[in-house]
Amino acid sequence: MTYDFDLFVIGAGSGGVRAARFAAGFGARVAVAESRYLGGTCVNVGCVPKKLLVYGAHFADEFEQASGFGWTLGGKPDFDWATLISNKNREIQRLNGIYRNLLVNSGVTLLESHAKVVDPHHVEVDGKTYSAEHILIATGGWPQIPEIPGHEHAINSNQAFFLKELPKRVLVVGGGYIAVEFASIFNGLGADTTLLYRGELFLRGFDGAVRKHLKEELSKSGINLQFNADIVRIDKQAGGSLQATLKDGRVLDTDCVFYATGRRPMLDNLGLENTKVALDERGFIAVDDQFQTAEPSILALGDVIGRVQLTPVALAEGMAVARRLFKPEQYRPVDYQHIPTAVFSLPNIGTVGLTEEQARDAGHKVAIFQSDFKPMKLTLTSSQERTLMKLVVDVDSDKVLGCHMVGPDAGEIVQGLAVALKAGATKRIFDDTLGVHPTAAEEFVTMRTPVGA
Ligand SMILES: Cc1cc2nc3c(=O)[nH]c(=O)nc-3n(C[C@H](O)[C@H](O)[C@H](O)COP(=O)(O)OP(=O)(O)OC[C@H]3O[C@@H](n4cnc5c(N)ncnc54)[C@H](O)[C@@H]3O)c2cc1C
């Protein structure tokens, strides 16, 4: 049997584009279908626009700090949301073009429309059916808003990037990194911001000291943090503002309710019922360690399999699939250990490896090295922001199990530390590494006394 394509990829996001480009580079005949936007979530409504908005929000602090260094700014700085959004949109359009070129120049056939699987070897796009030896589902995820009364008045992260104006008051709902980041964005840009989370403390899964430190810092920055709180209904008021009623009976007035309470796999009208593809207990596509679904000709990767929902992970999975199918001699499994991550709250979090809690739960006897200090840049300012750094070390092997930071540029700093952890660095190696002076990062190689010693 001959097929139209060796590989048909559904979804031109981080994972799909990576798999398609490299598969084509290895000589495969590849098609990609994309129904919305080239580059997927990350480029259009995720990492990239989010980071641009975080940069925008941080200027508020910088303007304030500038006076300590002798600068006088003419009057109160004024912010224009429309300018930021239109400049952001222009940059994203540029990136969409780059993604198009990447695909087309690698010889991939690009179909810019919705794709539906009609059987294990056929995909339908715009009424036309294409055959493929392998089908790769890389359709990503979609934000979810709980169906409480009035949920239609709330917005999700996709919509937040295209708001016509910056709301005066915002209620951000959720305890994950997207909620925390957007709270910092809205707050930094001047909105009166409340972050509401139903649990005890946000950022479950992050190191306990990091979570507590960020809680302090976000409070200091002016965000109203409401834990153990949940909205039961949202009502629109005559003037257009919103009223959120909480479980405990409190009523909060606001102009915008923004939900960041999780993402579901994007399976809408995908045609999986025409195949043997199975879902796991959480509703994501179930795959084995080589991204193979229950249907032999169909693979899946990225957010739609719900393992670790981050762009570099989807990229690594895309690379692994391309190699396994078309360059098996270069195949390497994806290593899910030591995935460095950042939360672009203000201040940032950077983290790699085990948290103290995970290390203890895994049976390690640990030594904790921790430092909490005012960053040098802020010493000439009235800012009360403090930086936290923490190392989790296995006492028996001396291996550094985890590095955690809250502070400016934490995401940048943790990337290098991830290389060290992946290489199996011990605390002794950290101690023997010379610092870069004067930086905040050098603290990671100068912490000598364990907590409690
Ligand atoms: C607000 C936000 C901030 C984020 N920030 C970060 C960050 O800072 N760092 C980080 O690493 N990750 C971040 N992420 C996560 C990151 O964006 C995702 O992990 C990544 O995009 C997943 O890639 P993917 O290829 O699995 O799916 P996606 O990038 O979502 O791509 C899937 C594509 O498939 C298309 N599609 C879906 N169904 C069909 C169909 N039937 N036919 C044709 N096309 C279809 C979609 O339109 C989409 O373009 C963020 C996510 C969000 C929402």
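These are my notebook entries on a few places I looked up in this structure, which is a predicted model.

**Entry 1, a surface patch.** I began on the outside and asked which residues form a nonpolar patch on the surface. I found Phe-59, Phe-63 and Leu-73 there, and together they have about 270 Å² of accessible area. I then looked up Phe-63 by itself and placed it in helix α3, which covers residues 47-66. Phe-63 has a relative accessibility of 36%, and I noted it as partly exposed because that term covers values between the 20% limit for buried and the 50% limit for exposed.

**Entry 2, strand β18 and its partners.** Next I turned to strand β18, residues 349-353, and noted that it is mostly covered, with four of its five residues buried. I followed its pairing with strand β17, residues 341-343, and found that three bridges join the two strands, which run antiparallel. The connection between β17 and β18 is a hairpin that passes through five residues. I also looked at strand β21, residues 400-406, which pairs with β18 in the antiparallel sense over five bridges.

Which residues did I find matched with Thr-351 of β18? In β17, Thr-341 stands opposite Thr-351, and in β21 the bridge partner of Thr-351 is His-404. I wrote beside this that strands of a sheet pair through backbone hydrogen bonds, either parallel or antiparallel.

**Entry 3, the cysteines.** How many disulfides does the model hold? I recorded a count of zero, taking a disulfide to be a pair of cysteine sulfur atoms within 2.5 Å. I looked up two cysteines for their cover: Cys-403 has a relative accessible area of 0% and is therefore buried, and Cys-256, at 6% relative accessibility, also counts as buried because the limit is under 20%.

**Entry 4, a sheet of three strands.** Last, I looked up an open sheet in which three strands follow the order β11-β12-β13 with antiparallel pairing. Its edge strands are β11 (231-236) and β13 (251-254), each of which pairs on one side only. Neighbouring strands of this sheet are turned against each other by 20 degrees on average, with direction ignored. I followed one of the pairings in more detail: strand β12, residues 242-246, meets β13 in the antiparallel sense over four bridges, and Leu-242 has Thr-254 in β13 as its bridge partner. As a reminder for reading the side chains here, I added that in a regular strand they alternate between the two faces of the sheet.

Conventions:
Residues are numbered from 1 along each chain as its sequence is written. This is a predicted model: local features need pLDDT of at least 70, side-chain atom pairs count only at pLDDT 80 or more; totals for chains, interfaces and linings use all residues. Side-chain values use heavy atoms; hydrogens and water are left out. Patches are made of residues with over 30% relative accessible area and no salt bridge: like charges are joined within 9 Å, nonpolar side chains (Val, Leu, Ile, Met, Phe, Trp, Tyr) within 5 Å. Accessible areas come from the Shrake-Rupley method with a 1.4 Å probe; for residues, only the protein chains shown count as cover. A salt bridge is a side-chain nitrogen of Lys or Arg within 4 Å of a carboxyl oxygen of Asp or Glu. Buried means under 20% relative accessible area, exposed over 50%, partly exposed in between (1.4 Å probe, protein chains only). Two strands pair if DSSP finds at least two bridges between them. Axes are lines fitted to C-alpha atoms, for helices over the stretch in contact, and angles run from 0 to 180 degrees between N-to-C directions.
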